[in-house]
Every structure is written in structure tokens, then in C-alpha cells.
Amino acid sequence: MQAILSASAGQEQLLIDVLVNNAKIPVLIEELITVEIWKQKIFPIVCRLEDFKPKSTFPIYLVLRHEASVINLLETVFYHKEICESAEDTILDLIDYTHRKLTLLVAQTASGKIPVEQKLQPEDLANPSSVKELKKQAAEMEFEIALKALSVFRFITGLIESLPVNAVTRMLNTHNFPCLLVQLVEHCPWIYRKEGKLKKFEDGAWYEVPYEDHVKITKLDGQVWIALYNILLSSECQRKYNFNNFNKSQLLKLRAFLTEVVIDQFPNLLEMQRFLSHLAVTDPEPPKKDLILEQVPVIWDQVVRENSGKWQAIAKHQVNNMFSPSEEELKSQACRWAKTYNLDVMEALIPNKPKCGMCGCEATKRCSRCRNEWYCRRECQVKHWQKHKKACNLMADTLKKIQEDVQMQAKSTN
């Protein structure tokens with residue numbers, strides 16, 4: 001969480017150096033996939049147990065939130081080439097992870113299961129620790145995680161030349177990402193109509209779109225188009241992708257979406273439009289298989305293999321030991337959670353004394369709103385406000401959300 005706040009405050013270079021020098025990107029990717037497996041193998045079992053009536057669901061919520069935090073951090077730093085390169089072989093696992101998330105997103109959209117401002121019933125609100133509320137939180141987070149995974153994949157496509165040879169092959173031929181992205185363009189999970197009103201999802205919330213902005217491209221639309229642009233117009237991808245009849249017919253669907261309004265907002269898509277027009281009248285040669293030994297992802301299989309047959313036992317152990325604590329244990333947990341999200345504790349982990357965000361001198365005063373930026377005097381804070389304002393608003397909103405979550409769980413504990 002401190003890493004995300006630092007990156008949001010424009011201090012991402014120091015963060016990037018730490019992540020790269022300490023080889024932390026592969027660790028983060030393994031954490032991401034481990035929690036994903038936990039959600040698939042353990043979480044459903046826990047929810048089905050008849051004796052699962054915890055006083056507080058916050059321990060499970062923290063596990064669910066962990067995946068969201070990790071993918072949020074990766075989205076923040078993966079824009080940088082050195083981060084992508086430091087992933088090394090685990091980039092294959094990350095590509096598989098994004099494919100699973102985006103495939104699920106498309107499937108949920110087609111079946112109408114996207115969590116669109118769903119509200120709990122009064123009887124559920126009366127019991128905020130209910131499994132139903134926990135499932136609702138999980139569905140909402142899964143939706144946001146999938147959108148973050150889309151952003152991460154877009155950054156990966158922008159660094160195709162830096163990827164291992166196996167990564168490009170896996171994107172194109174193993175998972176057929178171009179056709180998957182076409183389905184995202186068709187379905188647009190982040191857009192829906194309700195009672196004649198158009199709503200879009202952006203920056204973590206649904207909002208009603210004014211009529212004059214109905215044709216405006218959102219950030220998520222842009223992520224899909226940029227990913228398609230990076231893949232289809234890359235000479236490496238054009239050489240390796242199999243433009244068979246099915247793939248070709250799917251890609252040509254994009255021409256219907258490349259309207260003048262879209263191209264006016266994203267002029268680079270004019271080049272893609274020309275490519276698709278050329279593709280419509282030609283038959284590209286089949287790709288040449290120049291890869292003798294293909295490397296495959298290992299994290300998912302390794303975690304599943306090591307824990308095969310233990311899911312039921314793990315679930316029961318967690319219910320008996322974690323979710324049925326005494327009143328004293330609940331109070332102790334609440335104290336630990338409060339300390340976890342305390343910025344003063346986070347700052348204490350940093351060996352160097354804080355520096356003024358304006359002049360760089362040793363600072364003793366902290367921004368009272370976001371509590372993440374330091375200043376040596378009031379004048380420096382005033383001068384730095386225009387630059388700090390955006391990050392301050394973002395961090396203040398994040399802290400408010402955390403406090404609301406903790407307060408909600410504290411009420412359920414009481």
C-alpha cells in the first residue's frame with residue numbers, strides 16, 4: 001500500500017529501483033497467482049460450509065483485497081521497460097493470468113453477470129458479516145481486478161521487443177489475444193445502459209455519461225485499442241500470428257467500430273484501419289514455426305501440485321482457527337489491522353528522515369489531508385500545492401475507503 005501511495009505521489013523511480021534491484025516483480029506475480037488459486041479452490045469451499053458463521057469476515061476480505069492491491073501496484077509500475085524485463089520468465093505466468101481474467105470478464109458480460117451497482121437486500125444489510133455480502137465484495141473486486149489486468153496486458157504489448165520469444169508465441173497462438181480483444185471491443189464490459197441512460201465505469205466507480213459525451217472514448221476503451229494496435233502492427237506479431245479464416249473474420253469485425261469519431265479521438269487507429277483494409281483483400285502466409293523448445297509458465301501448476309488434496313482440510317482449518325476467535329482475539333486482530341493501515345507505522349520503516357517535497361530540506365511537517373507528503377515550512381507547502389493536489393486527492397480518497405472498510409468490519413465484530 002505504501003508503494004502504491006509513493007508511486008501515486010510521483011516517487012515511482014525510487015520504487016522501481018527497489019523492485020528491480022531486489023527482484024520483487026516475480027514475487028509479486030507469484031503472490032497474485034497464489035491468491036487467485038486460493039479464491040478458486042478455497043473460497044468456494046469456505047462459503048459452502050454449513051458451520052461457517054464468523055463474527056467477522058474481515059480476514060477473508062483481506063485475502064481478497066490482497067490480489068487487488070498487487071495488481072494495482074503492477075499496473076502502476078509496468079509502464080516502465082525495466083519492470084517488464086525484471087519479470088523474466090514469470091512474464092509468461094502474468095500473460096496467462098491476464099488471459100484468465102479477460103476471458104472471465106468477456107464470459108460474465110455475455111451472461112449479464114457484471115456487478116453493475118448491485119445492492120444488497122435489507123436482510124443482508126442487517127448482517128454485514130454475511131457470506132452473501134462477502135461474495136458481493138468478491139465479485140466487485142474481481143471486476144476491478146480484470147480491468148487492472150487489461151491495463152497490465154496493454155503495457156506488456158507495448159514492450160513486445162523486450163519480451164522472451166516464448167511470450168509472443170503464448171500471446172498469439174496459445175491464447176489468441178487478438179480475438180479476445182475483439183470480443184472486449186464488441187461487449188465493452190465497462191459500459192451499460194439502464195432506463196435509457198448510459199453509464200460507464202472509470203476510476204473505480206460507475207457514473208452517468210452526459211449525452212454530449214456518449215461517443216467519447218474512455219480510458220478502458222483506449223487500453224483495448226492500444227493493445228490491438230501494438231499487436232497487429234508489430235512486425236514480430238504479424239510474422240508469428242496465424243491469420244486463418246476464423247482469426248481473419250474476427251479481426252475484420254473491428255472495421256465496424258473504427259468510425260470517424262473514434263479515429264478523430266485516436267488518430268493512430270487510422271494506421272490500423274489501413275492494415276485491416278489490406279487484410280480484407282489478402283491472404284497472409286501461415287506463420288513459420290521457428291521455436292523448437294517452448295517454455296511454459298510454472299507458478300500455477302506448482303502451487304496446485306504442492307497443495308493437491310489439501311483444499312478441504314485447509315478450509316476447515318481456517319474456519320475453526322481464524323473465523324471463530326474469542327472476543328479478546330477479535331480485539332487483538334482489530335488492533336493489528338489498525339496498525340497495518342497506519343501511515344506513521346509505514347513511515348517508521350523508512351530509514352532516512354523525510355525530505356521537503358518542495359525544496360528537499362529535512363522536513364518535520366506532514367500534509368494533514370493525505371499524510372504522505374512532507375514539508376519544512378508552510379511556504380513550501382503552498383508553493384507545492386498545484387503539483388501535489390492530484391496525488392493528495394487520490395491518496396485521501398484511498399485512506400477514506402480503507403477507514404470505511406475497517407469501520408464496517410469493526411461494527412460487524414461488535
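**View 1. Lys-194 stands opposite Lys-197 of strand 2.** This close-up comes from a predicted model. Strand 2 covers residues 197-202. Strand 1 is its partner here, and the two pair in the antiparallel sense. Four bridges join strand 1 and strand 2.

**View 2. Three strands make up an open sheet.** Their order is 1-2-3. The pairing is antiparallel. Which strands sit at the edges? They are strand 1, residues 191-194, and strand 3, residues 205-208. Each of these edge strands pairs on one side only. Neighbouring strands in the sheet are turned against each other by 30° on average, with direction ignored.

**View 3. Ala-23 has a positive phi, although this residue is not a glycine.** The phi value is near 55°. Where is Ala-23 found? Look in the loop between helix 2 and helix 3. Helix 2 spans residues 12-21, and helix 3 spans residues 25-41. The relative accessible area of Ala-23 is 45%, so this residue counts as partly exposed.

**View 4. Asn-176 lies in the loop between helix 10 and helix 11.** Helix 10 runs over residues 165-174. Helix 11 takes in residues 177-187. Phi of Asn-176 is positive, at about 55°, and Asn-176 is not a glycine. Is Asn-176 buried or exposed? Its relative accessible area is 18%. Buried means under 20%, so Asn-176 is buried.

Key. Residues numbered from 1 in each chain as written. Predicted model: local features only at pLDDT ≥ 70, side-chain atom pairs only at ≥ 80, totals over all residues. Heavy atoms only, no water. Pairing = 2+ DSSP bridges. Axes fitted to C-alpha atoms, helices over the stretch in contact; angles between N-to-C directions. Buried < 20%, exposed > 50% of the residue type's maximum accessible area, 1.4 Å probe, protein only.
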